[in-house]
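Me: Please take a close look at one helix in this model and at the core that it helps to build. A connected account will do.

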Amino acid sequence: MTQKVHFSEEGKQVEIPIKKANYKSYIILGSVVVVLIISLFIWAPWSSGLYNKYAISKQMSVTERGESAGVLTKAAELYNSGDYTAARKIMQTEYMSNPQDPLLSYYFSITLIKNSQEHEARTVLKKLYEGESAFKYDAAYYVALSYIKQDNKKEALIWLSKIPQGTPNYEKAKELSGKL
């Protein structure tokens, strides 16, 4: 082993032995760091989850006329501010009196999902999907998201596969399927 030569304050030559690097410690430390990095990427605490990442609910706007217009405007305000519980209460009353309204059905079902009532939401969304509404494939997409929220990947994949190419949510559905 070679030694370094230094001079003391008195000017005398002093030999200081060079320590051997402890490679075993570096290997263990490196392994721990690699395991931690891999764990972080698997766990991904910064990710808000697939449901939140792929949710598409837009701002609700109401163009209704008549008696329910004021009530639905209030529901839309609550929905748009993120108060899904209060919005659901208002929309539920309206939905019970008019279950054929596709716009109301769509946003009502989203409030149900946001309030962890996925099964009830799927009942409403499946009726939309089976009909001839402009929300047909949005409904299929949200049925899939409701299953994702409940960690049921198998059912989610089935519903994502019902979204045809050329529809607005096709690319998101395809990407989401790849992540499941």
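Reply: Buried here means under 20% relative accessible area and exposed over 50%, with partly exposed in between (1.4 Å probe, protein chains only). Helices are DSSP runs (H or I, at least four residues), numbered from the N terminus. The model is predicted, so local features need pLDDT of at least 70 and side-chain atom pairs count only at pLDDT 80 or more, while totals for chains, interfaces and linings use all residues. Residues are numbered from 1 along each chain as its sequence is written, and side-chain values use heavy atoms, with hydrogens and water left out.

Helix H9 spans residues 170–179, and its buried residues are Tyr170, Ala173 and Leu176. They lie on the same side of H9, because they cover an arc of only 130° around the axis, taken from the directions from the helix axis to the C-beta atoms. An α-helix has 3.6 residues a turn, so residues three or four places apart point the same way. Exposed Glu171, Lys174 and Gly178 sit on the face of H9 turned away from the buried side.

The largest nonpolar core (buried Ala, Val, Leu, Ile, Met, Phe, Trp, Tyr and Cys residues joined through side-chain atoms within 4.5 Å) has 40 residues, of which Met91, Tyr106, Tyr141 and Tyr142 touch the most other members. H9 supplies at least two residues of this core, as do H3 (69–81), H4, H5 (102–114), H6 (118–130), H7 (136–149) and H8 (153–160). H7 gives the largest share, nine residues.
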